[in-house]
Amino acid sequence: MTATPLERRLKATIQMTGPLSVADWMALCLGDPEHGYYMAREPFGAKGDFITAPDVSQMFGELIGAWLIDAHQRIGAPAAFDLVELGPGRGTLMADIWRTFRLRPPLQLGARLTLVETSPRLRARQQDALATVGAAPRFADRLDALPRGRPLLLVANEFLDALPIRQWVRHQGVWRERVVGLDAEGALAFGLGAAVLPQGDLPQEVANASDGAILETAAPANAVVETIARRIVDDGGAALFIDYGYTKTAIGDTLQAVRAHEHRAPLDRPGETDITAHVNFEAIARAAHSTGALVHGPATQGAFLSRLGLLDRAARLGTGKDPETQARLAQDVERLAGAEEMGILFKVMAVSSDGIELAGF
Ligand code: SAH
């Protein structure tokens, strides 16, 4: 198969300036303005590359909407507040949330809705999705472009996993950076770079890992969570982060590539393949905590959605419906919360100002 346009360019870059860190590789594969995956591809849905929780069922967005209505009460029911989503994809989640807010007109009136999205193509999709429920979002391409000064309610589903990670390979007693270079035949290949990870405060079992072990660090994800937490400490509010990930720093290679619902090699067809990493919830919790914010969870997605009433919601939607509809609802519940599906791998963590309790944890 011929190389993708992005592959040709990345190889030329590597030839000229040397190997790329895994972080630079991820950032270019996903975000290159011309050929980046989110810029050029249609990733979502049955015909795309993967399906996310909001696209599994409207119940997901409705329960998150109800959570936000509750959180709004708990932060003191501010008349004016910022409602923000990071990386809204097709806009399904926010559209479902906005429909749920119809039950509480003051929330729709008081919300200044901003979507943080870099892809112009996806912004257009999000705008269309929200127009169908009567919402007109503003857009920001970075967190520091968000409006300030009002309490914040924020959601981010499968956003942090798309932010670049660095990988480190244990080699002769130190952690050397894992890089993407070219092998003798000129093919893309992983290798060892010059940078070395400062030992810092790694847990004992990680610090003593044997040669070849891989450790990941995710400064951009930690920084996003810290920025949001600081904002919440300053202005009040609550934020919900949902993603696949792990709850304790550990060794392991979680870089994953997906195309057309199949796992691929991470260097396969750059620009046409989604490339993500599991989120280190211990690290993002620490980042949030360092600001003085209160951290809730992480809980598993299954436990969180159950506590928010997933089963009741499914029963309500199924009442008086035909057996096929009821079977599909049961299937959706399993998909969202079942241990073999998204229920355990996916985690939910919330951040609030100090002293605020939140539902679901
Ligand atoms: N939340 C959606 C989509 C997840 S895919 C869902 O659950 O279906 C990741 C989303 O984050 C996409 O919309 C992508 O364009 C956006 N994104 C990725 N990196 C980003 C960045 N650095 N800044 C802003 N948006 C980003």
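In this predicted model, Asp235 is partly exposed, with a relative accessible area of 22%. Its salt-bridge partner is Arg231, and the N to O distance between the two side chains is 2.8 Å. Arg231, in contrast to Asp235, is buried, at a relative accessible area of 5%; the cut-off for buried is under 20%. Both residues belong to helix α10, where a spacing of four residues separates them by about one helical turn.

Salt bridges number 21 in the model as a whole, and two further examples reach across the sequence. Glu62 pairs with Arg99, with 3.6 Å between the closest N and O atoms. Because Glu62 sits in helix α5 (residues 58-74) and Arg99 in helix α6 (residues 92-101), this contact ties together parts that lie 37 residues apart in sequence. Glu62 counts as buried at 7% relative accessibility, while Arg99 is partly exposed at 29%. The contact also has company: Glu62, Asp96, Arg99 and Arg313 are joined into one network by salt bridges that share partners.

The other example is the salt bridge between Asp253 and Arg178, whose closest N and O atoms are 3.6 Å apart. Here the linked parts are 75 residues apart, with Asp253 in the loop between β10 (237-246) and β11, and Arg178 in strand β7 (residues 174-182). Asp253 is partly exposed, its relative accessible area being 41%, whereas Arg178 counts as buried at 12%.

Strand β11, which follows that loop, takes part in an open sheet of three strands, arranged in the order β12-β11-β13 with antiparallel pairing. The edges are held by β12 (262-264) and β13 (274-276); each has a single partner strand, so one side of each is left without a neighbour in the sheet. On average, neighbouring strands are turned by 35° against each other, direction ignored. Between β11 (residues 256-259) and β13, the antiparallel pairing extends over three bridges, and Val258 is found opposite Asp274 of β13.

Attention can now turn to the second largest pocket, which has a volume of about 450 Å³. Its lining comprises 25 residues, and those nearest the centre are Leu202, Glu216, Thr217, Ala218 and Asn222. Helix α10 (219-235) returns here: together with β6 (166-171), β9 (214-217) and α11 (281-289), this helix is among the elements that each supply at least two lining residues. In composition, the lining divides into 13 nonpolar, seven polar and five charged residues.

Definitions and conventions
Residues are numbered from 1 along each chain as its sequence is written. This is a predicted model: local features need pLDDT of at least 70, side-chain atom pairs count only at pLDDT 80 or more; totals for chains, interfaces and linings use all residues. Side-chain values use heavy atoms; hydrogens and water are left out. Two strands pair if DSSP finds at least two bridges between them. Axes are lines fitted to C-alpha atoms, for helices over the stretch in contact, and angles run from 0 to 180 degrees between N-to-C directions. On a 1 Å grid over the protein atoms alone, a cavity is a set of points where a 1.4 Å probe fits but cannot get out, and a pocket is an open set with protein on both sides within 12 Å along at least five of seven lines; lining residues have an atom within 4 Å of a point. Grid points are joined across faces, edges and corners, and a volume is the space filled by probe spheres set on the points. Ala, Val, Leu, Ile, Met, Phe, Trp, Tyr, Cys and Pro count as nonpolar, Asp, Glu, Lys and Arg as charged, and the others, Gly among them, as polar. A salt bridge is a side-chain nitrogen of Lys or Arg within 4 Å of a carboxyl oxygen of Asp or Glu. Buried means under 20% relative accessible area, exposed over 50%, partly exposed in between (1.4 Å probe, protein chains only).
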